[in-house]
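User: Please take a close look at the aromatic pairs in this model, and set the pairing rule beside the way the rings are placed.

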Amino acid sequence: MSALIHSHRDGHAVRRNFICHVLEGGLYMGGTAFLAPESVMPKMVQTLGGLPWVIAIMPVLLPAAFACAGLFIAPVVERLERFKPWVLGFGLLQRLPYLVTGLILMFAENLDGWLLPLVVLTPVVSGLIGGVTVVAWMEMVTRMVPEKIRAAGWSARYIMQALIAIGAGTAIHRVLTYMPGREGYAWLHLAAFTLLFLSWLAQLPMCEQIGHHIKPRPQGPYLDYLRELPSLFLREKHLIKLVLARFFGTGFLMLVSFLTIHALHVTGRPEADEGHFVTWQAVGTVIGSLLAGYVGYRSGGKVLLQSSRFVCLALCVWVMTNETFAGFSVAYFVLGFGLFLDRVGDLTLAAELCPPERRSTLQALLGFCNVFSLLLASFLSGQVYRLTESFQAVAWLAAACALLSLLILTRIPEPRQPATRS
């Protein structure tokens, strides 16, 4: 009888954790939709006088900043017995920059020379603090959410984000129509913070004391930890392939840095119409996430990553030839669809390729390598755009990278097939 009661309690805790996990992610990413890095931020930076390389890095600033600190904080995380207090403490701090920036934009005066740095640094500061959080958060989620339903969890988070983003797209259009410039940007930052704070509250009911916990690693000299990283990583040859597949899989991000600017220029539409792109991207995200959750549940993450590369190739061809606003709306639908096939597949495959006993450190290593992938890909697309002044040249670069990533993915086994493990 006691075993049955314990099993029932564990099942209830898993369900509660799954729901909170979905709410936290859906609200957080839904909040960032008000400052959509793929559409709103590049145009905002261009409006404020940002150079092409600054515009190019806007879609990757937040994830790159997130990944910077993870590697150096991983040895601390590996010694933790409980992750929730750490996640809650630093998670609150990482959300505050959006509140601070919104209030400064709303009430401070004589900010003309500081406006662009303020807008650019907000995701950087938030991401750097989030990097202290993310390794512990990922380990907490991996232990709380069973392997079989993780892909469904990522998918549900993205679907919730997309539903919020549909409304955010309408809100962005109205705000930038009636309050263009600084005041509109202030309200978008404050709206983002409101949902980010609600996402923090959603983590409070999560129950950490369930299932089997891996024994924390004993504390050792930090230099010894750093010295062992190269050999630890090189032993996991499939993770090296994943790093390369991620780097060449940044085609979507190469495109989106300049896609909104290109679309508004070609069609002659006002800046406020980028809100429609946010909405269509969100609709694509819903469809892509539903499909990703189903396929990821049945087949794992590799097939999702491969599918996303085919979608990226099709998108590159489409945006190079299209000249209508309706066509660009379709392009953003396809972008949302493909981008979230990629994200669900990447999260699922990376978690399952890492051995559980060193998962925190290996996830941090993957994230650290991803910083260079994101920044280098953005730099390349920015330089190509600056030198050629051609969006089509950027699209050709993105297509070539997607094809290379697809070829590398064929060399990575699906972890759920035990016979393919090495």
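Analyst: The count of aromatic pairs in this predicted model comes to 7, where rings of Phe, Tyr and Trp (its six-membered ring) pair if their centres lie within 6.5 Å, and where planes under 30 degrees apart count as stacked, over 60 as edge-to-face and the rest as tilted. One of them joins Phe 193 and Phe 197, a stacked pair with 6.1 Å from centre to centre and 25° between the planes. Both residues lie in helix H7, 4 residues apart, or about one turn of the helix; helices here are DSSP runs of H or I with at least four residues, numbered from the N terminus.

The two partners differ in their cover: Phe 193 counts as buried at 12% relative accessibility, whereas Phe 197 counts as partly exposed at 31%. Buried means under 20% relative accessible area, exposed means over 50%, and partly exposed is in between, with a 1.4 Å probe and protein chains only.

A second stacked pair is formed by Phe 277 and Tyr 332, whose ring centres are 4.6 Å apart with the planes at 10°. Phe 277 lies in helix H11 (residues 274–299) and Tyr 332 in helix H13 (residues 325–353), so this pair ties together parts that are 55 residues apart in sequence. Phe 277 is buried, with a relative accessible area of 0%, and Tyr 332 is likewise buried at 0%.

Returning to helix H7, Phe 193 and Phe 197 form one aromatic cluster with Trp 200. Phe 197 also belongs to a nonpolar surface patch with Leu 198, Leu 201 and Leu 204, which together have about 290 Å² of accessible area. Such a patch is made of residues with over 30% relative accessible area and no salt bridge, nonpolar side chains (Val, Leu, Ile, Met, Phe, Trp, Tyr) being joined within 5 Å and like charges within 9 Å; a salt bridge is a side-chain nitrogen of Lys or Arg within 4 Å of a carboxyl oxygen of Asp or Glu. The areas come from the Shrake-Rupley method with a 1.4 Å probe, and for residues only the protein chains shown count as cover. Leu 198 lies in helix H7 (residues 182–202) and is partly exposed, with a relative accessible area of 38%.

As to the basis of these values, residues are numbered from 1 along each chain as its sequence is written, and side-chain values use heavy atoms, with hydrogens and water left out. Because the model is predicted, local features need pLDDT of at least 70 and side-chain atom pairs count only at pLDDT 80 or more, while totals for chains, interfaces and linings use all residues.

Note on methods. Helices (H or I, at least four residues) and strands (E, at least two) are DSSP runs, numbered from the N terminus.
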